[in-house]
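Good morning, and thank you for coming. I should like to take you through one structure, beginning with the whole chain and then moving to individual residues.

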Amino acid sequence: MTDLDQAHAAMEANPEDDVARLRFYERLADTELFMLLGEEAAGDRITPELFEIEDQKFTLVFDREERLSQFVGRAAPYAGLPGRALVQMLHGQGIGLALNLEVAPSAMLIPSDAVDWLVQTLTNGPDETEARLSEILPPATLPEAVVTGLDRKLAMAAGMARFAYLAAATYEDGTRGHVLAFIDAVEGAENALSSAASEALTFSGVEAGVIDVLFVKASDPIAAHLAKVGLRFDLPVPEAPAIPGAPGMDPTKPPKLR
């Protein structure tokens with residue numbers, strides 16, 4: 001079973017469990033999906049193969065190329081996109097997702113309003129604030145689901161920073177919270193890393209407050225203190241460099257519908 005199959009099974013087994021449902025949609029956003037096209041892509045413009053069920057339009061998507069081939073049974077054009085880029089492309093178009101139909105236990109129809117909801121959830125990004133730290137302490141009181149979510153999200157942030165530390169924090173105004181400090185983040189990766197931390201909180205399904213994100217150089221004095229008290233997350237080293245401008249790989253610039 002794929003990760004998406006497992007998340008779907010957990011959601012189906014617990015239909016009243018909001019956390020299970022959130023985790024399914026998180027997996028959907030983080031999975032590369034293969035969408036059947038009506039014709040070959042032309043540059044950054046693609047034409048999904050659409051069909052209607054009860055006056056609702058759907059596009060066929062699969063979480064494995066072989067599942068798409070099994071369903072179609074012939075050579076057919078398709079596009080591979082991160083789930084988050086795919087739903088952003090479909091946002092507001094009145095098009096739902098027909099996921100893994102007839103070829104997997106995770107087969108289901110995801111209506112267009114659920115697609116739009118997922119886009120809105122993903123775009124509820126972090127806010128920029130200014131606050132002065134007075135003390136950094138070992139992390140405490142964060143639910144395990146948040147820590148697990150951070151671990152999962154940061155495992156997908158290969159090459160964006162060397163590692164990160166999670167720690168408790170006290171601010172000069174007396175408020176308390178947690179900070180996630182990225183060490184030696186790659187220039188330009190700050191927004192993606194902040195969004196990853198924000199999504200870990202959102203999809204954990206618990207009221208965990210706020211985690212502030214810091215970007216620290218390994219040579220900064222605070223980095224040594226974080227190493228003593230913080231919970232460390234190692235970010236993977238990428239196996240190969242990303243291909244700049246690859247269609248669909250930047251979720252902020254999804255392909256265009258034709």
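**From the whole chain to single residues**

Let us begin close to the start of helix 2, where Asp17 caps the N-terminal end. A side-chain oxygen of Asp17 lies 2.9 Å from the backbone nitrogen of Val19. Please bear in mind throughout that what you see is a predicted model.

I shall now step back to the chain as a whole. It contains eight helices and 13 strands. The chain has 258 residues, and 44% of them count as buried. Its accessible surface comes to about 13,900 Å², with 49% of that belonging to carbon and sulfur atoms. Among contacts with a separation of 6 or more, 75% join residues that are 24 or more positions apart.

How confident is the predictor? The mean pLDDT of the chain is 87, and 88% of the residues reach 70 or more. Confidence is highest in strand 6, residues 95-99, at a mean of 97, and lowest in strand 13, residues 256-257, at 60. Over residues 241-251 the pLDDT is below 50, and this stretch has nine contacts in the model beyond near neighbours in sequence. Where pLDDT is low, the predicted coordinates should not be read in detail.

Let me turn to the interior. In soluble globular proteins, nonpolar side chains tend to be buried together. The largest nonpolar core here has 30 residues, and those touching the most other members are Phe24, Leu28, Met35, Leu86, Leu97, Leu99 and Ile110. Several elements supply at least two residues each to this core, including helix 1, helix 2, strand 1, strand 5 and helix 4. Strand 6, strand 7 and helix 5 do so as well.

Which residues does Leu97 touch, leaving aside its neighbours within four places in sequence? The contacts of Leu97 include Leu28, Leu86 and Ile110, and also Phe58, Val61, Leu90 and Val115.

At the edge of this region, in the loop between strand 7 and helix 5, is Pro111. Is Pro111 buried, exposed or partly exposed? Its relative accessible area is 32%, so Pro111 is partly exposed. Leaving aside neighbours within four places in sequence, Pro111 is in contact with Gln56, Phe58 and Gly96. Pro111 and Gly96 are 15 residues apart in sequence, yet their C-alpha atoms are 4.4 Å apart.

Next, helix 2 itself. Its 13 residues, 18-30, should span 18 Å at 1.5 Å a residue, and the end C-alpha atoms are indeed 18 Å apart. The buried residues of helix 2 include Ala20, Leu22, Phe24, Tyr25, Leu28 and Ala29.

Glu26 also belongs to helix 2. With a relative accessible area of 1%, under the 20% limit, Glu26 is buried. What does the side chain of Glu26 make a polar contact with? The partner is the side chain of Arg152, at 2.9 Å. Besides Arg152, Glu26 is in contact with Lys153 and Phe203, leaving aside neighbours within four places in sequence.

There is also a second, separate core of 19 residues, which includes Leu150, Leu166, Ala200 and Leu235. I shall take two of these names in turn.

Leu166 lies in strand 9, residues 163-171. Leu166 counts as buried because its relative accessibility is 1%. Its contacts, not counting residues up to four places away in sequence, include Leu142, Val147, Leu150, Leu180, Ile211 and Phe233. Val147 is 19 residues from Leu166 along the chain, and the two C-alpha atoms are separated by 8.9 Å.

Ala200 is one of the buried residues of helix 7, alongside Leu193, Ser194, Ala196, Ala197, Ser198, Glu199 and Leu201. Against which elements do the buried residues of helix 7 pack? They pack against helix 2, helix 4, helix 5, helix 6, strand 10 and strand 11. Helix 7 has 13 residues and reaches 18 Å from its first C-alpha to its last, close to the 18 Å expected at 1.5 Å a residue.

I close with Thr2, in the segment before helix 1. Thr2 counts as buried, at 8% relative accessibility. Not counting residues up to four places away in sequence, Thr2 touches Asp63, Arg64 and Arg67. Thank you for your attention.

Note on methods. Residues numbered from 1 in each chain as written. Predicted model: local features only at pLDDT ≥ 70, side-chain atom pairs only at ≥ 80, totals over all residues. Heavy atoms only, no water. Helix = DSSP H or I, 4+ residues; strand = E, 2+ residues; numbered from the N terminus. Buried < 20%, exposed > 50% of the residue type's maximum accessible area, 1.4 Å probe, protein only. Contact = heavy atoms within 4.5 Å. Expected span 1.5 Å × (residues − 1). Polar contact = N/O pair within 3.5 Å; in protein donor to acceptor, adjacent residues only side chain to side chain. Areas by Shrake-Rupley, 256 points an atom, 1.4 Å probe, with all protein chains shown as cover. pLDDT = per-residue confidence, 0-100. Core = buried A, V, L, I, M, F, W, Y, C linked by side-chain atoms within 4.5 Å.
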